[in-house]
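Student: Could you walk me through this structure at the bench? I would like to reason from the atoms to each answer.

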Amino acid sequence: MHKGSCLCRKIRYAVTDDIDEVSMCHCKQRQKAQGSAFAAVAPIRSAAFRITQGTEYLKEYRATPNRARVFCSECGSPLYSARDDLPEMKRLRLGTLDTPILVNKRYHA
Ligand SMILES: [Zn+2]
């Protein structure tokens, strides 16, 4: 079980699966969205992800029509992205995790 939160901690979430794959994404769109050279993201099953507090602060932005980038409307922390054509998966922004992860598979994309 993993737990995470946004910077202001109004939004908290839980991930019941292990996180065993991390991608360091360097695409331009993600650089803009994160304000960073790259973003550490992990694919997670939507069924294993639950917002435990602060759903009213969730806000989404769509730079591309079929992908929602979900962030905290109070502090701006990016939390995850989700594709309309792949509702069973989300891509979690790992900087928001509060629990440590041990990962075998890491790659830059
Ligand atoms: Zn926040």
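Here are a few questions and answers on this predicted model.

Student: Which residues are the protein donors of the zinc ion?
Tutor: Happy to start there! Along the chain, the donors follow the spacing C-x1-C-x63-C-x2-C. Each donor is an SG atom, lying 2.3 Å from the zinc ion. The residues are Cys6, Cys8, Cys72 and Cys75.

Student: What is the geometry of the zinc ion's site?
Tutor: Look at the angles among the 4 donor atoms, which run from 105 to 113°. Four donors count as tetrahedral if all angles lie between 85 and 135 degrees. The site is therefore tetrahedral.

Student: How many residues apart in sequence are the parts that cysteine 8 and cysteine 75 tie together?
Tutor: Cysteine 8 sits in the loop between β1 and β2. Cysteine 75 belongs to the loop between β7 and β8, so the pair links parts that lie apart by 67 residues.

Student: In β2, which residue is the bridge partner of lysine 3?
Tutor: β1 covers residues 2–5 and β2 covers residues 12–15, and they pair in the antiparallel sense over 4 bridges. These two strands form a hairpin with 6 residues between them. In β2, lysine 3 has as its bridge partner alanine 14.

Student: Is serine 46 buried or exposed?
Tutor: Serine 46 is in the loop between β4 and β5, and it contacts Pro87, Glu88, Met89 and Lys90, leaving aside neighbours within four places in sequence. Its relative accessible area is 17%, and buried means under 20%. Serine 46 is therefore buried.

Conventions. Residues are numbered from 1 along each chain as its sequence is written. This is a predicted model: local features need pLDDT of at least 70, side-chain atom pairs count only at pLDDT 80 or more; totals for chains, interfaces and linings use all residues. Side-chain values use heavy atoms; hydrogens and water are left out. Two strands pair if DSSP finds at least two bridges between them. Donors are N, O and S atoms within 2.8 Å of the metal (3.2 Å for Na, K and Ca); water is not among the atoms, so sites may look incomplete. Four donors count as tetrahedral if all angles lie between 85 and 135 degrees; four count as square planar and six as octahedral if opposite donors are over 155 degrees apart and all others between 65 and 115; anything else is irregular. Buried means under 20% relative accessible area, exposed over 50%, partly exposed in between (1.4 Å probe, protein chains only). Contact means heavy atoms within 4.5 Å.
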